Amino acid sequence: MKVKVHVREKTFVVTCGDGEQKAEWLAHVGIVRYDDKTKINVGAPLGLRSEAGDAVPLQARIRDLFGADSEVWVVLKEDVTENLGATLPES
């Protein structure tokens with residue numbers, strides 16, 4: 001099975017075999033490929049979002065979460081910081 005992993009503006013197709021790996025592995029593969037391609041270290045992933053925008057349980061198996069050709073988005077620290085900043089009232 002293959003899953004499309006989005007990290008920032010880049011998309012990587014990750015071959016997952018039978019999908020026995022945990023979703024956390026998929027997030028880390030996306031980060032490594034992004035870092036290698038852009039030469040920018042974005043840090044460790046904080047999580048994954050599904051196509052519907054829902055948080056993905058990182059300890060669940062890929063095959064239990066996704067079908068072939070699914071897409072996921074890696075959540076980075078900056079994503080959380082930006083979203084928090086948008087919700088904070090101005091002083």
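# A guided tour from Trp 25

Select Trp 25 first: leaving out residues up to four places away in sequence, Trp 25 touches Val 14, Thr 15, Cys 16 and Ile 62, where a contact means heavy atoms within 4.5 Å. This is a predicted model, in which local features need pLDDT of at least 70 and side-chain atom pairs count only at pLDDT 80 or more, while totals for chains, interfaces and linings use all residues. Residues are numbered from 1 along each chain as its sequence is written, and side-chain values use heavy atoms, with hydrogens and water left out.

Trp 25 is placed in helix H1; helices (H or I, at least four residues) and strands (E, at least two) are DSSP runs, numbered from the N terminus. Trp 25 has a relative accessible area of 32% and is therefore partly exposed. On this scale, buried means under 20% relative accessible area, exposed means over 50%, and partly exposed lies in between (1.4 Å probe, protein chains only). Now add Ile 62 to the selection: the C-alpha atoms of Trp 25 and Ile 62 are separated by 9.0 Å, although the two are 37 residues apart along the chain.

## The whole chain

Next, display the protein as a cartoon. Its secondary structure comes to three helices and four strands, and from the N terminus on the elements run β-β-α-β-α-β-α. Of the 91 residues, 32% are buried.

## Helix H1

Select residues 23–38, which form helix H1. Its 16 residues should span 22 Å at 1.5 Å a residue, and the end C-alpha atoms are 23 Å apart, which agrees; the expected span is 1.5 Å times one less than the number of residues. Which residues of H1 are buried? They are Ala 23, Leu 26, Ala 27, Val 29, Gly 30, Ile 31, Tyr 34 and Asp 35. An α-helix has 3.6 residues a turn, so residues three or four places apart point the same way. The buried residues of H1 pack against strand E1 (2–7), strand E2 (10–15), strand E3 (47–49), helix H2 (62–65) and strand E4 (70–75). Just after H1 comes Lys 39, whose phi is positive, near 65°.

Stay in H1 and select Asp 35. Asp 35 is buried yet has no salt bridge, and the nearest side chain of opposite charge, Arg 8, is 7.4 Å away. Here Lys and Arg count as positive and Asp and Glu as negative, while His and the chain ends are not counted. A salt bridge is a side-chain nitrogen of Lys or Arg within 4 Å of a carboxyl oxygen of Asp or Glu. Not counting residues up to four places away in sequence, Asp 35 touches Ile 40, Asn 41 and Val 42.

## The strands

Turn to the strands, which count as paired if DSSP finds at least two bridges between them. E1 and E2 pair in the antiparallel sense over six bridges; select His 6 and its bridge partner in E2, Thr 11. Two residues lie between the strands of this hairpin, in which Arg 8 takes a positive phi near 50°. E1 and E4 run parallel and are joined by four bridges, with Ser 70 in E4 as the bridge partner of Val 3. Ser 70 counts as buried at 10% relative accessibility. E3 and E4 are antiparallel, with three bridges, and Gly 47 has Val 75 in E4 as its bridge partner.

## The nonpolar core

Select Val 3, Val 5, Val 7, Leu 26, Leu 48, Val 72 and Val 74: these have the most contacts inside the largest nonpolar core, which has 20 residues. Such a core is a set of buried Ala, Val, Leu, Ile, Met, Phe, Trp, Tyr and Cys residues joined through side-chain atoms within 4.5 Å. The elements that give two or more residues to this core are E1, E2, H1 and E4. H1 gives the most, with six residues.

## The salt bridges

How many salt bridges does a search of the whole structure find? The search finds four. In one, the side chains of Glu 78 and Arg 8 meet (2.6 Å, N to O). This pair links distant parts of the chain, with Glu 78 in helix H3 (residues 77–87) and Arg 8 in the loop between E1 and E2, 70 residues apart.

Finally, select Glu 20 and Arg 63, which form a salt bridge with the closest N and O atoms 2.7 Å apart. Glu 20 lies in the loop between E2 and H1 and Arg 63 in helix H2, so the pair ties together parts that are 43 residues apart in sequence. Add Arg 61 and Asp 64 to see the network of salt bridges that links them with Glu 20 and Arg 63.
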